[in-house]
Amino acid sequence: MMRFWRRRRRALVCRDAVALMTAYLDHELPDADRGRLETHLADCPHCSEYLAQLRVTIDALGHVDVDDLTDDAVDALVDVYRSWRTE
Amino acid sequence: MTSGLASKTVDDDVGLVERLRAGDESAFVVLVRRYQPRLLRLAEATVGSRAVAEEVCQDTWLAVVRGVERFEGRSSFRTWLFRILVNRARSTAGREQRAGRPDGDAVERFDATGAWVDPPVAWSDRVDDGLVATELATRVRELLPTLPEQQRQVLVLRDIEGLSGADVAELLHISDGNQRVLLHRGRAKLRACLTAEMGSHG
């Protein structure tokens, strides 16, 4: 009981903070954990920097483009469609 | 970010699917132009080879035209399409892709007290300027193939396609917790690779 109480109150270490970040970014952390993480972030420049870099990485992923489709590639799939229609 | 655009596309998809059901080839062409590049990207992330990915995509479109009668519109067309693709890719690529270790070790390292062993080094200020996002995106795209398969899949579906965690977990037949671990590791590895290159930007 005592141990449980202590653990709840103890400040997060960096390892714990990093483990919570993905759920945090998904807005899926329970309020208590979110509060503890935000408290940690306010005091820890390393974890704040890490979170900022994760956000930049996610933003970069959001900007990844696809190649344009060539007309040949479209034609090849239309052939698949037509051969199915005449099956 | 693209939610406005996405919902317009979803409405439009419904109409196209109706036309496809009625045997309208031009609707098929529009859907192919819209989704084939993205299907190919997801297929490549799943099977790791361009040639196999193209075959899987072809199978997927065939399954779409055969099964469009059964598409009930309960999920979006995109999710339905991705589900077909993931299932096809799984049966094509076979067992070996899932026989490997679930995934490598975590990227971040902490000491016995839980503190950083190598604290993150601040990135160049250039990163804050919006122009860099597209530059980084090019780099990220090159780095994606170096990640383990499941991490690639989750990154493509979550961060590139913008699907929800719950949708991705269902699509890939994994738990939500597992989905989150894969997402975290994938992002963490990309971050580490980008960090390694940031220094040279000065």
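How many residues does the contact take from chain B, and how many from chain A? Keep that in mind for a second, because I should say up front that what we're looking at is a predicted model. Okay, the answer: 43 residues come from chain B and 32 residues from chain A.

Let's stay on the chain B side. The elements of chain B that give two or more residues to the side touching chain A are α2, α3, α6, α7 and α9. Of these, α2(B) makes the largest share, with 9 residues. And what kinds of residues are on that side of chain B? They split into 25 nonpolar, 7 polar and 11 charged.

Now let's look at chain B by itself. If you trace along its sequence, you just keep reading helix: the pattern is α-α-α-α-α-α-α-α-α. That makes 9 helices and 0 strands. Chain B has 202 residues, and 34% of them count as buried. Here's one for the contact-map fans: take the contacts in chain B with a separation of 6 or more, and 65% of them are between residues 24 or more positions apart.

Chain B also comes in two pieces, domain 1 (3-98) and domain 2 (101-201). Where they touch, 11 residues of domain 1 are in contact with 9 residues of domain 2. On the domain 1 side, the elements giving two or more residues are α2 (25-47) and α4 (77-93) of chain B. Once again α2(B) has the largest share, this time 5 residues. The domain 1 residues at this boundary divide into 4 nonpolar, 4 polar and 3 charged.

Next, the inside. The largest nonpolar core has 44 residues, and the ones with the most contacts inside it are B:Leu39, B:Ala43, B:Leu81 and B:Leu85. Who supplies this core? At least two residues each come from α4 of chain A and from α2, α3 (50-67), α4, α6 (132-143), α7 (149-160), α8 (165-172) and α9 (176-201) of chain B. The top giver is α2(B), with 10 residues. Both domains of chain B are in on it too, with at least three residues drawn from each.

Let's zoom in on B:Leu85. If you ignore its neighbours within four places in sequence, B:Leu85 is in contact with B:Leu39, B:Leu42, B:Ala43, B:Val56 and B:Thr60. Apart from the big core there is another one, of 10 residues, and A:Cys14, A:Val18, A:Tyr50 and A:Leu54 are among them.

Two of those names, A:Tyr50 and A:Leu54, bring us to helix α4 of chain A, where both are buried. This helix runs over residues 45-62, so to speak 18 residues, and reaches 26 Å from its first C-alpha to its last, close to the 26 Å expected at 1.5 Å a residue. Its buried residues are A:Cys47, A:Tyr50, A:Gln53, A:Leu54, A:Thr57, A:Ala60 and A:Leu61. Why are they on the same side of α4(A)? Because they cover an arc of only 135 degrees around the axis. Helix geometry helps here: with 3.6 residues a turn, residues three or four places apart point the same way.

Last stop, a loop. B:Pro119 is found between α5 (96-99) and α6 of chain B. Is B:Pro119 buried or partly exposed? It has 14 C-beta neighbours inside 10 Å, so B:Pro119 counts as partly exposed. B:Pro119 and B:Arg109 are 10 residues apart in sequence, and their C-alphas are 8.8 Å apart in space.

Notes: Residues numbered from 1 in each chain as written. Chains lettered and ligands numbered in written order. Predicted model: local features only at pLDDT ≥ 70, side-chain atom pairs only at ≥ 80, totals over all residues. Domains from an automatic or database assignment. Contact = placed C-beta atoms within 7 Å. Helix = DSSP H or I, 4+ residues; strand = E, 2+ residues; numbered from the N terminus. Nonpolar A, V, L, I, M, F, W, Y, C, P; charged D, E, K, R; others polar. Expected span 1.5 Å × (residues − 1). Buried ≥ 20, exposed ≤ 12 C-beta atoms within 10 Å, placed from the backbone. Arc of directions from axis to C-beta. Core = buried A, V, L, I, M, F, W, Y, C linked by C-beta atoms within 7 Å.
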